[in-house]
2 protein chains.
Amino acid sequence: MVSITDIAHALGITPSTVSRALAGSSRVKEETRIAVEKKAREMGYQRNIVAANLRKGRSNIVGIIVPRIHREFFSNVIGGAENVLGEAGYNVLICQTIESKEAEIKALKTLRNYNVAAVLISHAIESTNSAHIKDSLGSDIPLIQFDRVFPDLPGAKIVGANCDGAFTATKHLIEQGYRKIGTIAGYMSSLAYVERLAGYKLAIESAGLPYDESIVYYDTIVKETGYAACEKALEQGCDALYCAGDFSALGAIEYLKEKGIRIPEDFGIVGTANESFTALMFPSMSSLGQHPFEMGQAAAKAFLEGRTDTQVIPMELHIRQSSNKNNTWQK
Amino acid sequence: MVSITDIAHALGITPSTVSRALAGSSRVKEETRIAVEKKAREMGYQRNIVAANLRKGRSNIVGIIVPRIHREFFSNVIGGAENVLGEAGYNVLICQTIESKEAEIKALKTLRNYNVAAVLISHAIESTNSAHIKDSLGSDIPLIQFDRVFPDLPGAKIVGANCDGAFTATKHLIEQGYRKIGTIAGYMSSLAYVERLAGYKLAIESAGLPYDESIVYYDTIVKETGYAACEKALEQGCDALYCAGDFSALGAIEYLKEKGIRIPEDFGIVGTANESFTALMFPSMSSLGQHPFEMGQAAAKAFLEGRTDTQVIPMELHIRQSSNKNNTWQK
DNA sequence: TGCTAATATACAAACGTTCGCATTAATCGC
DNA sequence: GCGATTAATGCGAACGTTTGTATATTAGCA
């Protein structure tokens, strides 16, 4: 492995000059710089990033902490972040928490030890407050939160327009002529779900409909609980559900199909996340789409540009069969 | 940031002893070790991994290079690898190539500069041979290949049982009573696709059917080309297709649905990869499933255990509506 | 008591960079 | 032609750890 010292010896100069030359410092002569670069190429020099990082006390690694790498939403966020960070010369170190607070703390400490340039995080469901975050990471590493954020932590935040989106989705159901619209809400420990519920409520109330707590199904996020919630919703006389997740919506559709209830004629469903299966299933599912790739890009840019504000990424309603009562089905 | 030197000063001993104590070396007295550990806890000591890595000339980072992080298959492999490596105290640095050979070379060089403990790679489509790999990575870093592998490179390889799987899938189509079964093959530059084609051929021939090159559709991997290939297959009198990918199969199904051809009564389809949408779409798609999470785990373990052999991960045929002519539809 | 062997710790050199400061060489103005 | 200024490079310490070798201490034994 050839080092700057080797290049320096070969050229009869010192490592410091070589270092400066390779860094493009104005403190070295153009001529020397060219000679150094030539020699470096000749000798197959590769900069030792670890040594540079140690000396500088900061690395060009950006840590990303997500609940689960293989969740479609998160892998797309990571893809978007890598896309921007790679361009800028950063590398990404991935940690997953599997929704565990303990794992999150461990990941934060590890990243601190790596002297990472920044941390991008979407916190675990088990992390119900932000106290452990600054303790584990310290305060000198920029923290960029996305999707699941703690509002009380300083620094950049990238969130979906959950309230707006849920409002639009619910309004769409109302406009389709559904009369009693319930909602499959998620966990109220997560701001994103709180906001979606707020958007739902706003839409219901601004249409002059009664907001009814008894048809709000909390803590429902997976297929199985969505199935059960739909059963209850039917008993309570609902004819549509806005679901704060696609998987709970999937469970609801499954229940309706089993019972032979027609979708969308007799019952309307809108999910959230626009997972790829929503467009392909039958009936295809209307879904409130997030833009995970763009969120990842925005998070990366927020770090690169030193932003500390909150960015809201719009959500987009994809109207498909499961809620499209009146119009011809869209593809 | 507190260092071992700080702990040493606080205890009136030297950094070397502290280092050894924390590493659990038998060269320090039990008593000293306990004192050091206590002090370290008290002072909130965190080991500086970067410094340790520099000194040791090897880091506890494992690099993973994939074409696209957000492709379902790869994000699952990464999830599986992280799962095993995290347990073993390694961290995962992710690079994506977007199928570009140039990006792959850059990623390999970067990982070499980080002195990574190992590299797990599934190469880009543009990388048609292995020459650049050893040049860029050097030969002292273990290289574990998965899914898309170069047989001529030494070291561990984790592959799906592509030939076996394609054989099973094609045999299934034959048993369902389809008479002229074509195949949507992928790129022959990639071994995985070559093997799938071989399995298809084997099944056709061992059933006494004629192997017909004219109904093998090469270089077809995305939805659009699958759509076109299916059109040709119909013209040529096929009544079934084994597709080496799920997306090309999706295109084929789309074409059949548009033309009003009944699935599976008039035409059978089996895809490959068992992407999550295959189970949810309509008609649900039969698919030859890989086990990406397990492949990731196997790749990680191959590194940890120092294996250099080739492991074959079985593939599993999920029979769903699109090929299930005779039996009642499975869920 | 003196010698050997063991145990426990200290010393110091690395790993490859970076960067403040010092030094040397060249240029300029008068 | 001399002092002052600028340009180019050299020197050396530092980043925090690990580890081979040396030293000091203790124990064992004759």
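**Exercise 1. Polar contacts to the bases of DNA strand C**

Determine how far a polar side-chain atom of B:S16 lies from a base nitrogen of DNA strand C, and identify further base contacts.

*Solution.* Step 1: In this predicted model, the distance between a polar side-chain atom of B:S16 and a base nitrogen of DNA strand C is 2.9 Å. Step 2: For B:R20, a polar side-chain atom is placed 2.7 Å from a base nitrogen of the strand. Step 3: Chain A contributes through its backbone, since a polar backbone atom of A:A51 is 3.4 Å from a base nitrogen. Step 4: Each of these pairs is to be judged against the cut-off for a polar contact, N or O atoms within 3.5 Å. The values 2.9 Å, 2.7 Å and 3.4 Å satisfy that limit.

**Exercise 2. The protein surface near DNA strand C**

Describe the surface near DNA strand C by its residues and by the elements that supply them.

*Solution.* Step 1: There are 26 residues around the strand, and A:S19, A:R27, A:Y45, A:R55 and B:R20 come nearest. Step 2: By class, the surface comprises seven nonpolar, 10 polar and nine charged residues. Step 3: At least two residues each come from α1 (4–11), α2 (15–23) and α4 (49–56) of chain A, and from α2 (15–23) and α4 (49–56) of chain B. Step 4: The most is given by α4(A), with four residues. Step 5: On the DNA side, sugar or phosphate accounts for 59% of the strand atoms within 4 Å of the protein, and bases account for the rest.

**Exercise 3. Strand β10 of chain A**

Establish which strands pair with β10(A) and in which sense, parallel or antiparallel.

*Solution.* Step 1: β9 (residues 268–273) runs parallel to β10(A), joined by four bridges. One bridge pairs A:A273 with A:G289. Step 2: β12 (residues 316–318) pairs with β10(A) in the antiparallel sense over three bridges. Here A:G289 has A:E316 as its bridge partner. Step 3: Both faces of β10(A) are covered, with A:S286 and A:L288 buried on one side and A:S287 and A:G289 buried on the other.

**Exercise 4. Helix α13 of chain B**

Compare the reach of α13(B) with the expected value, and state what covers its buried residues.

*Solution.* Step 1: The helix (residues 292–304) has 13 residues and reaches 18 Å from first to last C-alpha, close to the expected 18 Å. Step 2: Its buried residues include B:P292, B:M295 and B:F303. Step 3: The cover over the buried residues includes β1 (61–66), α5 (72–87) and β11 (310–313) of chain B. Step 4: After the helix comes B:G306, with a positive phi near 70°.

Technical notes. Residues numbered from 1 in each chain as written. Chains lettered and ligands numbered in written order. Predicted model: local features only at pLDDT ≥ 70, side-chain atom pairs only at ≥ 80, totals over all residues. Heavy atoms only, no water. Near = heavy atom within 4 Å. Polar contact = N/O pair within 3.5 Å; in protein donor to acceptor, adjacent residues only side chain to side chain. Nonpolar A, V, L, I, M, F, W, Y, C, P; charged D, E, K, R; others polar. Buried < 20%, exposed > 50% of the residue type's maximum accessible area, 1.4 Å probe, protein only. Pairing = 2+ DSSP bridges. Expected span 1.5 Å × (residues − 1). Contact = heavy atoms within 4.5 Å.
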